[in-house]
Amino acid sequence: MSAMTGWWSRRSVAGKVELYTRWTFHLMAPVEVLAFGGAPLSSGGRSGLGTGGALGLALWVLVHAVLCGVVASRALDHTTGTRPRPVRLAAALAAATLLANLAVSGLWAAGVLTDASVVASVLVGTSVFTTGALVFCLDRVRHMAYAVAGTAVAAALPVTAFGHGAPEGLITLVGVLVGGGAYASACGFSSWLLGVVQELERSRDLKARLAVAEERLRFGRDLHDVMGRNLSVIALKSELAVQLARRGRPEAVDQMVEVQRIAQESQREVREVVRGYREADLRVELEGARGVLDAAGIACAVDAPALDLPVEVQSALGWVVREATTNVLRHGDARRCAITLRAREGEAVLTVENDGAAVRDEAGAPGRTGSGLAGLRERLGAVGGTLEAGFADPQSFRVTARVPSAAPRPAPQSAPSAAREAAARKPETREAATRKPDARQEPDARQEEETVA
């Protein structure tokens, strides 16, 4: 059953609205054929057309229904932004309907077509469906009203012009206005609704891209603030050291030691920037998930009491909240989402469950929605945690993260490792001692810097 409905559940909200709207108005073609195309055939000899004329009128209704369906489909493509507005097709439909109305009115006036019910069915029916197709091609309500009024006048004028009298023409005008106005209203509202849903979908994607761009700008700004000044100092002192070395001055060594110290300090600062970029705060991510989901029209219930968890555990769970929220927005059609955090038997359990249909792979297996969940499993594995993702029921997708309440401690260093680390710190001590020049050398070094500058 799930495989049969997968073609529907995998679609986004905009895709579902588009599919529903498109096929609703595609089904209007057989409705028009059955409602109005059968009138000439069912009238028998009463219409006076004979078998050939009745088949001709029925064939015209069939062609008109197909043409209306094509115009409506192309107009919906224009609404979704995949094709230009079908101006020529709409003009061809309007011209063909007008010529057919003239022909039917002429046959009625000549006495060839004697059944008034057949005239009304073909004349009014095709005009009503023409208004709907034309309205699909328009954007403004005023223009839609003009299309309805123009189609009604184009249907009533031939009836009046061929001598059937003003009452018949007025009845035709009112019939097309009422029927065409109602059908055009449905078409115009459907087109407007589809456009709004498409715009909301694009706004959601744009919001996600802007969030990524903002984060990149923040990271670039922080990295520039850290590295810009230090690189300028390194370049200046390196140039000074080169000039001192060419003159055989011993102060060149001091300058290179200072360059080494600044480079090591820069490495430390870059690591701090990257570490802050990669870490996620659990409380901030929970509040962010609530705000983003509420803004998207998804009711979000967060039940997460404050737990005394290590920083590494909170960061890992924060990433779970962030990735699960992204999946709810992008891959599902959820209306409700529940986020819970509990402490159970020495571990923290985070659950994110929504009632939308999540993405399945080609085999229909849940839980494999790309690299996002795989990355979360790696993050949780680093702190001894696990991740489970799957369908709790056909309409509910659940992500469960389990992490020990106490972060795993690093393994104790062996004696050789401790000795190597102590030896690595000794040069830093020597460098710190050599960084401070004596009082006699400081004016010379400062003078050399000014000379190089």
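Leaving aside its neighbours within four places in sequence, which residues is L350 in contact with? The list runs L317, V320, V321, I339, T340, L341, V399, T400 and A401. Keep that list in mind, since some of those names come back below.

First, a word on what you're looking at. This is a predicted model. The mean pLDDT of the protein chain is 78, and 81% of its residues reach 70 or more. Two stretches deserve some caution. Over residues 358-369 the pLDDT is below 50, though this stretch still has 18 contacts in the model beyond near neighbours in sequence. Residues 409-453 also have a pLDDT below 50, with 26 contacts counted in that way.

Now the overall build. The protein chain has 14 helices and five strands. It is made of 453 residues, and 36% of them count as buried. If you take the contacts with a separation of 6 or more, 70% of them come from residues 24 or more positions apart. On the outside, the accessible surface comes to about 25200 Å², and carbon and sulfur atoms hold 60% of that.

Back to L350. Together with L317 and I339, L350 is among the residues with the most contacts inside the largest nonpolar core, which has 35 residues. Quite a few helices and strands pitch in: α10 (282-295), α11 (311-331), β2 (336-344), β3 (347-354), α12 (371-382), β4 (386-393) and β5 (396-404) each supply at least two residues of this core. Which element gives the most to it? That's α11, with nine residues. Apart from this core lies another one, of 25 residues, including F25, L93, V135 and A184.

What about the cysteines? A disulfide is a covalent bond between the sulfur atoms of two cysteines. In this model the count comes to zero disulfides. Take C68: the nearest cysteine sulfur, that of C187, is 9.5 Å away. The cut-off for a disulfide is 2.5 Å, so a pair of sulfur atoms 9.5 Å apart doesn't qualify. Looking from the other side, C187 has the sulfur of C68 as its nearest cysteine sulfur. Are these two cysteines buried or exposed? Both are buried, because their relative accessible areas fall under the 20% cut-off. Here they are side by side:

| Cysteine | Relative accessible area | Nearest cysteine sulfur |
|---|---|---|
| C68 | 7% | C187, 9.5 Å |
| C187 | 0% | C68, 9.5 Å |

Conventions. Residues numbered from 1 in each chain as written. Predicted model: local features only at pLDDT ≥ 70, side-chain atom pairs only at ≥ 80, totals over all residues. Heavy atoms only, no water. Helix = DSSP H or I, 4+ residues; strand = E, 2+ residues; numbered from the N terminus. Buried < 20%, exposed > 50% of the residue type's maximum accessible area, 1.4 Å probe, protein only. Contact = heavy atoms within 4.5 Å. Areas by Shrake-Rupley, 256 points an atom, 1.4 Å probe, with all protein chains shown as cover. Core = buried A, V, L, I, M, F, W, Y, C linked by side-chain atoms within 4.5 Å. pLDDT = per-residue confidence, 0-100.
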